Amino acid sequence: NDQVKIPDATIPKAVIDFSNQFDIIMLLKPDTTSKVATFFSKSDGLTKGIELGIQVGASPQYIYIELYTGSVLTTITGTNVDLRDGGFHWIRVKRDGANLLTVSVDGIVEYSNTFAGDLTNTANLVFGNNFGKGSRHYNGYIAHARIYCGGYLTDSEYNIISGSREQPLTM
């Protein structure tokens with residue numbers, strides 16, 4: 001139940017701006033018994049923000065994304081990859097200049113659709129749990145995390161990162 005929480009007041013506003021283009025890239029190895037778990041949260045859970053996690057449901061181990069814009073909650077679920085198979089997986093959530101939101105797992109696009117809402121908020125940036133006091137503790141490894149706001153990596157740049165032969169480091 002460890003987590004890393006970065007208070008919003010310590011983050012320059014230009015750095016974590018989810019109003020336009022962004023790219024979130026993480027290398028994860030979820031515990032094989034994880035149920036509902038958030039591994040990335042920049043959300044107040046009520047009005048604006050983004051959360052990324054895994055959830056056990058009809059599709060045994062799928063990714064879920066919650067996008068909050070005002071009073072509208074958009075939930076994206078689904079992946080064809082077993083995230084709890086004991087291996088590391090690259091998760092990428094990218095929104096480009098045309099507001100195309102793309103979710104990929106291990107380089108394979110699992111979801112793609114237009115999303116134009118502003119997700120910027122004043123909540124803490126949290127790795128390993130959801131907003132507030134949190135009830136969706138992530139169990140497993142987060143070996144790599146990158147956040148790009150105001151732009152995104154090209155596929156070639158992403159492939160260089162995800163193709164790295166470096167061994168994941170844990171904290």
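A residue is counted as buried when its relative accessible area is under 20%, and in this predicted model Arg-92, at 5% relative accessibility, therefore falls into the buried class. Arg-92 nevertheless takes part in a salt bridge with Asp-155, in which the closest N and O atoms are 3.4 Å apart. This pair connects distant parts of the chain, since Arg-92 belongs to strand β7 (residues 89–95) and Asp-155 to helix α1 (residues 155–162), with their positions 63 residues apart in sequence.

Asp-155, which is partly exposed with a relative accessible area of 48%, also meets the side chain of Lys-94 in a salt bridge, at an N to O distance of 3.9 Å. Lys-94 lies in strand β7 and Asp-155 in helix α1, so that this contact ties together parts of the chain that are 61 residues apart in sequence. With a relative accessibility of 14%, Lys-94 is counted as buried. Through salt bridges that share partners, Asp-23, Arg-92, Lys-94 and Asp-155 are joined into one network.

The search of the whole structure yields four salt bridges, and one of these is formed by the side chains of Asp-118 and Lys-48, with an N to O distance of 3.6 Å. Because Asp-118 is located in the loop between β9 (108–114) and β10 (125–127), whereas Lys-48 is located in strand β4 (residues 48–55), the pair holds together parts that are 70 residues apart in sequence. Asp-118 is partly exposed, with a relative accessible area of 30%, and Lys-48 is likewise partly exposed, with a value of 29%.

Notes: Residues are numbered from 1 along each chain as its sequence is written. This is a predicted model: local features need pLDDT of at least 70, side-chain atom pairs count only at pLDDT 80 or more; totals for chains, interfaces and linings use all residues. Side-chain values use heavy atoms; hydrogens and water are left out. Helices (H or I, at least four residues) and strands (E, at least two) are DSSP runs, numbered from the N terminus. Buried means under 20% relative accessible area, exposed over 50%, partly exposed in between (1.4 Å probe, protein chains only).
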